[in-house]
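User: Please take a close look at a single helix in this model and describe how it packs against its neighbours. I would like one connected account, with the residues on each side of the contacts named.

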Amino acid sequence: MKHLAENKIIQRIREGDQEAFRYVYDVYYQRLLIFSRKFVSEDQAKDLIQDSFFQFWMNREKIEINRSLSAYLFTVIKNRCFKILKDEQRNNRGTQNFGLKLKQEELAYFINSEKSILEFDIRDRVQKTMENLPPACAGVFRESRFEGLSNKEIAEKHNISVKAVEKHI
């Protein structure tokens with residue numbers, strides 16, 4: 001399942017493939033939990049994630065995923081967190097709840113900035129791609145893109161030519 005393209009996994013889910021659905025659940029559950037815990041309690045986060053996956057399965061034939069599965073799932077969770085915070089604010093009208101307002105402001109940033117969700121998605125894709133690279137290639141790429149080393153520095157460090165570094169990248 002890990003080696004299937006995302007659109008194939010989505011297609012299999014649409015067709016009722018429980019194994020594909022379970023794979024998506026296993027891959028994203030922890031990430032979504034960490035994300036949602038920034039805004040709501042752990043119990044609320046677990047409930048809204050479970051409910052979101054339930055709705056995803058029940059509506060699998062109708063759901064349109066325009067960007068990526070990751071962006072779709074994070075957007076669903078983001079919107080559900082926002083709804084919970086709005087409900088909490090409505091229930092706490094008479095009290096000054098600074099923590100709640102702060103959470104809403106932080107979540108508003110995510111709502112107004114799809115960029116953050118796309119960053120999560122890009123980070124996931126880069127990580128997955130790097131896991132499939134040969135170790136030497138992944139190491140050179142990491143040093144070049146994440147550690148900021150020049151091709152010449154990498155070549156000297158690994159005792160290879162600059163051309164070899166370029167081929168690895």
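Analyst:
**Helix α2 and its two packing partners**

The axes of α2 and helix α4 (residues 69–91) come within 10 Å of each other and cross at roughly 40 degrees, an angle that makes α2 oblique to α4. This is a predicted model, and the crossing of α2 and α4 in it is right-handed. On the α2 side the contact is formed by Val 24, Tyr 28, Arg 31, Leu 32, Phe 35 and Ser 36, which meet Leu 69, Ser 70, Leu 73, Phe 74, Ile 77, Lys 78 and Cys 81 of α4. Sorted by class, the residues of this contact of α2 with α4 comprise nine nonpolar, two polar and two charged.

The other partner to consider is α3. Helix α2, which spans residues 18–36, packs against helix α3, residues 42–58, at an angle of about 150 degrees and with the axes 10 Å apart. Because that angle is over 145 degrees, α2 counts as roughly antiparallel to α3. Here too the handedness can be stated: α2 passes α3 in a right-handed crossing. The α2 residues involved are Gln 18, Phe 21, Val 24, Tyr 25, Tyr 28, Tyr 29, Leu 32, Leu 33 and Ser 36, and they meet Glu 42, Ala 45, Lys 46, Ile 49, Gln 50, Phe 53, Phe 56 and Trp 57 in α3. By class, the contact of α2 with α3 holds 12 nonpolar, three polar and two charged residues.

Reading the two contacts together, Val 24, Tyr 28, Leu 32 and Ser 36 of α2 appear in the contact with α3 and also in the contact with α4. Arg 31 and Phe 35 are among the α2 residues that meet α4, while Phe 21, Tyr 25, Tyr 29 and Leu 33 are among those that meet α3.

As for the setting of this helix, the protein chain has nine helices and zero strands, so that, by the DSSP runs used to assign elements, the order from the N terminus on is α-α-α-α-α-α-α-α-α. Of the contacts in the protein chain with a separation of 6 or more, 57% are between residues 24 or more positions apart. Buried residues make up 34% of the chain's 169 residues, and the accessible surface of the chain comes to about 10,900 Å², with 50% of it belonging to carbon and sulfur atoms.

Notes. Residues are numbered from 1 along each chain as its sequence is written. This is a predicted model: local features need pLDDT of at least 70, side-chain atom pairs count only at pLDDT 80 or more; totals for chains, interfaces and linings use all residues. Side-chain values use heavy atoms; hydrogens and water are left out. Axes are lines fitted to C-alpha atoms, for helices over the stretch in contact, and angles run from 0 to 180 degrees between N-to-C directions. Helices (H or I, at least four residues) and strands (E, at least two) are DSSP runs, numbered from the N terminus. Angles under 35 degrees count as roughly parallel, over 145 as roughly antiparallel, 65 to 115 as roughly perpendicular and the rest as oblique. A crossing is left-handed if the near helix is turned anticlockwise from the far one by less than a right angle, and right-handed if clockwise. Contact means heavy atoms within 4.5 Å. Ala, Val, Leu, Ile, Met, Phe, Trp, Tyr, Cys and Pro count as nonpolar, Asp, Glu, Lys and Arg as charged, and the others, Gly among them, as polar. Buried means under 20% relative accessible area, exposed over 50%, partly exposed in between (1.4 Å probe, protein chains only). Accessible areas come from the Shrake-Rupley method with a 1.4 Å probe; for residues, only the protein chains shown count as cover.
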